[in-house]
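Colleague: I would like a close look at a single part of this model, please. Start with one strand, and then walk me outwards into whatever is around it.

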Amino acid sequence: MRWIAHLDMDAFYASVELLRYPELRGRPAVVGGAQRNAPELQADGTRRFMTLRDYKGRGVITTATYEARALGVHSGMGLMKAAALASDAVLLPADFQEYRRFSRLFKAAVAELAPLVEDRGIDEIFIDLTQAAEAQGGVRALGERIKSRVREATGLTCSIGITPNKLLSKLASELAKPDGLTVLTLEDIPAQIWPLPARRINGIGPKASARLEALGIRTIGELAAADPQWLMEQFGAHYGAWLHDAAHGRDERPVVTHREPKSLSRETTFERDLHPREDREALGAVFTRLCEQLAADLERNGYLAKSIGVKLRYDDFRIVTRALTLPAHTRDAQEIRRCAGRCLKKGPLERRLRLLGVRAGNLCRADALPAGAPAAERAQLDLPLCEGSK
DNA sequence: TCTGGGGTCCTAGGACCC
DNA sequence: TCTGGGGTCCTAGGACCC
């Protein structure tokens with residue numbers, strides 16, 4: 001029997017901003033948009049904040065304070081749409097460097113008490129508490145200690161769910177937000193989990209939940225009661241079987257403390273849609289910059305890529321991807337640019353583009369190329385051709 | 001008032017090889 | 001004239017997550 005915790009920082013980006021601007025506490029505020037919205041200091045020493053009313057552009061909300069959520073705005077919502085609902089809400093520019101700093105702080109604080117931590121992005125982790133809880137007075141006591149340590153280290157609150165697996169813990173952490181601690185056992189599933197909407201399960205998104213609803217299934221309990229054979233007919237063997245297991249709270253996935261990235265990418269949405277031919281110059285400049293950023297990312301993280309791809313989002317929001325595999329691994333900006341250019345030529349180029357992205361896939365660690373790697377790859381690394389590597 | 005940026009995994013068809 | 005079975009790699013799209 002395992003004890004797995006899911007820890008979720010409460011309104012993370014917005015809460016980090018409130019540490020900087022405590023005068024905003026209690027006011028609806030959202031994080032999103034670009035750097036140009038930074039609050040300006042006035043002559044009397046107070047800060048003048050931009051509100052959603054003042055915003056013009058294509059940004060979305062990354063995080064909303066609970067006060068802003070009460071007005072109906074939520075992450076992922078376009079800022080222009082949010083302005084219609086909460087025009088007086090303060091708009092703060094996203095400062096990812098600062099969020100990453102706080103992310104490292106809270107993760108380090110947790111690791112002091114329980115070292116088996118799995119990263120789930122900037123503001124979430126899974127923790128395997130099975131060993132640590134025995135030595136530290138049980139799961140609930142350890143959960144409380146983790147919350148205190150996170151608060152000491154960051155000044156921020158988090159919500160924790162502790163159950164026998166990841167799937168249930170992810171659900172449980174949301175049950176008492178913000179600043180909550182929920183411990184569930186398998187016996188609690190019917191009373192605590194089955195009444196929840198099926199959409200709350202990690203892995204049931206908008207499409208699947210709409211299809212379930214059309215089939216008369218709204219709650220996790222209704223999903224649990226559905227015939228597994230029938231689910232497999234409706235959703236395919238793999239996903240259908242998973243839906244059945246998930247609804248019954250079954251999940252054996254381990255907590256994984258380290259993972260190698262499979263791809264790195266850079267993309268940007270233009271302020272106005274660009275036409276591949278009419279705006280060739282502007283598009284080419286952006287394209288080159290994305291390739292240079294991607295090359296720098298590969299270099300900084302110590303990876304080489306063997307496949308390069310582009311992503312195009314047209315003005316009608318349709319997405320097309322094109323990719324090519326290289327003869328040898330690379331992290332050279334010019335080579336990436338050439339390859340991405342060839343990919344771009346494959347895509348339909350009649351419509352205006354809203355977004356352009358470049359992706360590096362098929363990664364390998366720069367220090368892990370086999371000794372017999374082709375000369376071109378070794379030349380990239382400035383390694384002598386005769387020296388063998390491990 | 002149109003909807004960011006960075007990822008993962010799965011599926012499916014075609015090429016190519018034995 | 002008609003027609004195997006398996007395996008891997010590559011490409012493209014789509015659902016989903018934070």
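Colleague: How many bridges join β1 to strand β8 (residues 124-128), and do the two run parallel or antiparallel?

Modeller: Happy to. One caution before the details: this is a predicted model. Five bridges join β1 to β8, and the two strands run antiparallel. One point of register you can look up on screen is L7, which stands opposite I125 in β8.

β1 has another partner too. Strand β9 (residues 158-163) is joined to β1 by six bridges, again in the antiparallel sense. Here M9 is a handy marker, since M9 stands opposite C158 in β9.

Now look at how β1 itself is covered. The strand spans residues 4-9, and six of its six residues are buried. In a regular strand the side chains alternate between the two faces of the sheet. For β1, one side carries I4, H6 and D8, the other carries A5, L7 and M9, and both faces are covered. So L7, the residue opposite I125, and M9, the residue opposite C158, belong to one face, together with A5.

In the domain assignment, residues 4-10 are grouped with 97-189 as domain 1. The other pieces are domain 2 (13-94), domain 3 (194-247) and domain 4 (263-382). The centres of domain 2 and domain 3, taken over C-alpha atoms, are 36 Å apart.

From β1, a natural next step is helix α7 (residues 166-173). β1, β8 and β9 are among the elements that cover the buried residues of α7. Others that do so include β10 (181-183), α8 (189-193) and α12 (237-247). Eight of the eight residues of α7 are buried, so the helix is largely enclosed by the rest of the structure. The buried set includes K166 and K170 as well as L167, L168 and L171. S169, A172 and S173 are buried too.

Following the contact from α7 to α12 brings you to a helix with two sides to it. L243, H244, A246 and A247 are buried in α12. These residues cover an arc of only 165 degrees around the axis, which puts them on the same side of α12. A237 and H238, on the other side of α12, are exposed. The cover over the buried residues of α12 includes α7, α10 (220-225) and α11 (228-235). After the helix comes G249, with a positive phi near 75 degrees.

H238 also leads us to the DNA. It is one of the closest residues to DNA strand B, along with G78, A84, K262 and T269. In total, 22 residues surround that strand. β11 (263-274) and α3 (79-85) each supply at least two residues of this surface, and β11 gives the most, with seven. By class, the surface has seven nonpolar, ten polar and five charged residues.

DNA strand C has 21 residues around it, and those that come nearest are G121, G205, K207, A208 and T325. On this side, α9 (206-214) and β13 (319-330) each supply at least two residues, and β13 has the largest share, seven residues. The class count for the surface near DNA strand C is eight nonpolar, seven polar and six charged.

β13 is worth following a little further. It pairs with β12 in the antiparallel sense, over eight bridges. The two form a hairpin with four residues between them, and F317 in the turn has a positive phi of about 75 degrees. β12 (residues 303-314) also pairs with β14 (residues 353-365), antiparallel over eleven bridges. I308 makes a good anchor for both pairings: its bridge partner in β13 is L324, while in β14 it stands opposite A360.

To put all this in its wider setting, chain A has 15 helices and 14 strands. Its C-alpha atoms fill a box of roughly 60 × 60 × 45 Å along the principal axes. Buried residues make up 32% of the 390 residues in the chain, and β1, where we began, has six of its six residues buried. Among contacts between residues at least 6 apart in sequence, 65% join residues at least 24 apart.

Conventions:
Residues numbered from 1 in each chain as written. Chains lettered and ligands numbered in written order. Predicted model: local features only at pLDDT ≥ 70, side-chain atom pairs only at ≥ 80, totals over all residues. Near = placed C-beta within 6 Å. Nonpolar A, V, L, I, M, F, W, Y, C, P; charged D, E, K, R; others polar. Buried ≥ 20, exposed ≤ 12 C-beta atoms within 10 Å, placed from the backbone. Pairing = 2+ DSSP bridges. Domains from an automatic or database assignment. Contact = placed C-beta atoms within 7 Å. Arc of directions from axis to C-beta.
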